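The following exercises ask the student to reason about side chains in a structure. Each task is followed by a solution that proceeds step by step.

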Amino acid sequence: MTASIALIRHGQTDWNLAGRLQGQTDIPLNATGRQQAREVGRSLPAGDWDLVLASPLGRAQQTAELIAEEAGLATGRPVAGVMERFFGELEGRIPAELPEGAYEQLLESAESSHAVTARLTQALCALAEEYPGQRVLCVSHGGAMRRLRDALLGRRLPEPVANGEILPVSLPRLYELAGELGIEVPVATR
């Protein structure tokens, strides 16, 4: 039996509110973010999910714990592959406040979009293999989720991924994307 996987963006942080790029900087949830996580947990239909996993960053772990608590689900080990994009010298900065051309220049120190997409694709394929037949929610991050969403759709959407947004992942399309990226997926998983 095939697994079911959905990504959820962590709840709001003070840096989200300020428009500051967090990347892999470990910023905690604020009160709104904690409330968003609880609301996601309460909104999940009973019996639809088995497990909540998360990126190792604190904001994702806290979101997963609050969702699990509200929905009566188990939590599991951190999933490093679903961490946010590393933004290098841009972390902690507010892009709108940078001088013209500075964002593009500083972006050169960041993890590439391709690397982020490949990392998430590989991590989710591994989760499908590790949890066959289970329905897994995995708390991730806005930038990383947006790159994966757009790659799965084959086009870039202008909308960001909102805090608390749930992104169901089509496993057949994920395996296709893995093939496009040159990532091997065990035959038993597909």
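**Exercise 1.** In this predicted model, determine which side chain is joined to that of His 10 by a polar contact, and describe where His 10 lies.

*Solution.*
Step 1. The side chains of His 10 and Arg 59 are joined by a polar contact of 3.3 Å.
Step 2. His 10 is placed in the loop that runs between strand E1 (4-9) and helix H1 (14-18).
Step 3. The relative accessible area of His 10 is 1%. Buried means under 20%, and His 10 is therefore buried.
Step 4. Neighbours within four places in sequence are left aside; His 10 is then in contact with residues including Asn 16, Leu 29, Arg 59, Val 139, His 141 and Gly 164.

**Exercise 2.** Establish how many disulfides the structure holds, and explain the result for Cys 125 and Cys 138.

*Solution.*
Step 1. A disulfide is a covalent bond between the sulfur atoms of two cysteines.
Step 2. The structure holds zero disulfides. For Cys 125, the nearest cysteine sulfur belongs to Cys 138 and is 13 Å away.
Step 3. A disulfide requires the two sulfur atoms to be within 2.5 Å. Because the sulfur of Cys 138 is 13 Å from the closest cysteine sulfur, in Cys 125, the separation is too far for a bond.
Step 4. Cys 125 is buried, at a relative accessible area of 5%. Cys 138 also counts as buried, at 0%.

**Exercise 3.** Which parts of the structure does the salt bridge between Arg 77 and Glu 130 tie together?

*Solution.*
Step 1. Seven salt bridges are found in a search of the whole structure. In one of them, the side chains of Arg 77 and Glu 130 meet at 2.5 Å, N to O.
Step 2. Arg 77 belongs to strand E3 (residues 74-78) and Glu 130 to helix H5 (residues 113-130), so the pair ties together parts that are 53 residues apart in sequence.
Step 3. Arg 77 is partly exposed, with a relative accessible area of 38%, and Glu 130 is partly exposed at 40%.

**Exercise 4.** Describe the salt bridge between Glu 176 and Arg 173, and the network to which these residues belong.

*Solution.*
Step 1. The side chains of Glu 176 and Arg 173 form a salt bridge of 3.3 Å, N to O.
Step 2. Both residues lie in helix H7 (residues 171-181), three residues apart, which is about one turn of the helix.
Step 3. Arg 173, Glu 176 and Glu 180 are joined into one network by salt bridges that share partners.
Step 4. Glu 176 is partly exposed at 48% relative accessible area, whereas Arg 173 counts as buried at 18%.

How values were computed
Residues are numbered from 1 along each chain as its sequence is written. This is a predicted model: local features need pLDDT of at least 70, side-chain atom pairs count only at pLDDT 80 or more; totals for chains, interfaces and linings use all residues. Side-chain values use heavy atoms; hydrogens and water are left out. Buried means under 20% relative accessible area, exposed over 50%, partly exposed in between (1.4 Å probe, protein chains only). Helices (H or I, at least four residues) and strands (E, at least two) are DSSP runs, numbered from the N terminus. A polar contact is a pair of N or O atoms within 3.5 Å; within protein, one must be able to donate a hydrogen and the other to accept it, and residues adjacent in sequence count only if both atoms are side-chain atoms. Contact means heavy atoms within 4.5 Å. A salt bridge is a side-chain nitrogen of Lys or Arg within 4 Å of a carboxyl oxygen of Asp or Glu.
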